[in-house]
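Reader: I keep meeting words like "buried" and "edge-to-face" and never know where they come from. Can we go through one structure and check each label?

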Amino acid sequence: MRPQPGPVERKFAYAAQTIVYAGLLLMIVAFVLYAADTVPSRVPLSEVPETWHLSAAERLDDAGRSSSWSWLSQLPDAGSIALAALVFFPTATIVLVLVTAAWFARARDGRYAVISALLGLVLIFAAAGVV
């Protein structure tokens, strides 16, 4: 017989499901804004196929972007809105892992609280480009 998930695991699953649905909605809205040309973009939709042959570095240079978090300053741009919707997934996951650490601590499950907190820190460092 399989072990049943505990209350923390059920909370995590529900929160993860909510993140997926919210992220999907954000992606759809961002795509519609971009495809409908509702918000101006540095690279118009009609020119996107012309950039498919470029490497990632060349594509960033062509769009006037860098590979850092500086794209946040360009958020009125439709491409940046789409990128923000995409970045929602890993960012929300990091937050969820850290919140899960608090849930485990509240449930007096110190081992899993420490593991979740350390995982959250590793993910933060990875997102910042440190590791």
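Author: Sure, what follows is a set of questions about labels, each with the reasoning behind the answer. Keep in mind that this is a predicted model.

Reader: Okay, overall picture to start with. How many helices and strands are there in the chain?

Author: There are 4 helices and 0 strands. Going along the sequence, that gives the pattern α-α-α-α.

Reader: How do you know whether the chain is compact or spread out?

Author: Set its radius of gyration against the globule rule. For 131 residues the rule gives 14 Å, while the chain comes out at 19 Å, well over that value, so the chain is more spread out than a compact globule. You can also look at the box that the C-alpha atoms fill: along the principal axes it is roughly 55 × 30 × 30 Å.

Reader: And how much of the chain counts as buried?

Author: Of the 131 residues, 24% do. The accessible surface adds up to about 9,000 Å², and carbon and sulfur atoms account for 70% of that.

Reader: Let's try a single residue. What makes Thr-100 buried or exposed?

Author: The cut-off for buried is under 20% relative accessible area. Thr-100 has 5%, so it counts as buried. This residue sits in helix α3. If you skip its neighbours within four places in sequence, Thr-100 touches Val-8, Phe-12 and Ser-116.

Reader: What about Thr-18, then: which label does it get?

Author: Thr-18 belongs to helix α1. Its relative accessibility is 39%, and the middle class runs between the 20% and 50% cut-offs. Therefore Thr-18 counts as partly exposed.

Reader: How far is Thr-18 from Trp-103?

Author: It depends on how you count! Along the sequence they are 85 residues apart, and in space their C-alpha atoms are 17 Å apart.

Reader: Now the rings. How many aromatic pairs does a search of the whole structure find?

Author: The search turns up 2. One of them is Phe-88 with Phe-89: the ring centres are 6.1 Å apart and the planes meet at 65°.

Reader: Why is that one called edge-to-face?

Author: Two checks. Centres have to lie within 6.5 Å to pair, and planes over 60 degrees apart count as edge-to-face. With 6.1 Å and 65°, Phe-88 and Phe-89 pass both, so the label is edge-to-face.

Reader: Which accessibility label do Phe-88 and Phe-89 get?

Author: Phe-88 has 24% relative accessibility and Phe-89 has 26%. Partly exposed is what lies between 20% and 50%, so Phe-88 is partly exposed and Phe-89 is partly exposed too.

Reader: What makes the phi of Asp-37 worth pointing out?

Author: Most residues other than glycine have a negative phi. The phi of Asp-37 is near 55°, a positive value, and this residue is not a glycine. You'll find Asp-37 in the loop between α1 (7–35) and α2 (56–63). Its relative accessible area is 59%; the exposed class begins over 50%, so Asp-37 is exposed.

Reader: And what is the phi of Arg-108?

Author: About 60°, which is positive, although Arg-108 is not a glycine. It lies in the loop between α3 (78–106) and α4 (110–127). At 76% relative accessible area, Arg-108 is over the 50% cut-off, so it is exposed.

Reader: Last one: how many positive and negative side chains does the chain have?

Author: There are 9 positive and 9 negative ones, and the centres of the two sets are 24 Å apart.

Methods: Residues numbered from 1 in each chain as written. Predicted model: local features only at pLDDT ≥ 70, side-chain atom pairs only at ≥ 80, totals over all residues. Heavy atoms only, no water. Phe/Tyr/Trp six-rings, centres within 6.5 Å; stacked < 30°, edge-to-face > 60°. Buried < 20%, exposed > 50% of the residue type's maximum accessible area, 1.4 Å probe, protein only. Helix = DSSP H or I, 4+ residues; strand = E, 2+ residues; numbered from the N terminus. Rg over C-alpha atoms; globule rule 2.2 N^0.38 Å. Areas by Shrake-Rupley, 256 points an atom, 1.4 Å probe, with all protein chains shown as cover. Lys, Arg positive; Asp, Glu negative; His and termini not counted. Charge placed at Lys NZ, Arg CZ, Asp CG, Glu CD. Contact = heavy atoms within 4.5 Å.
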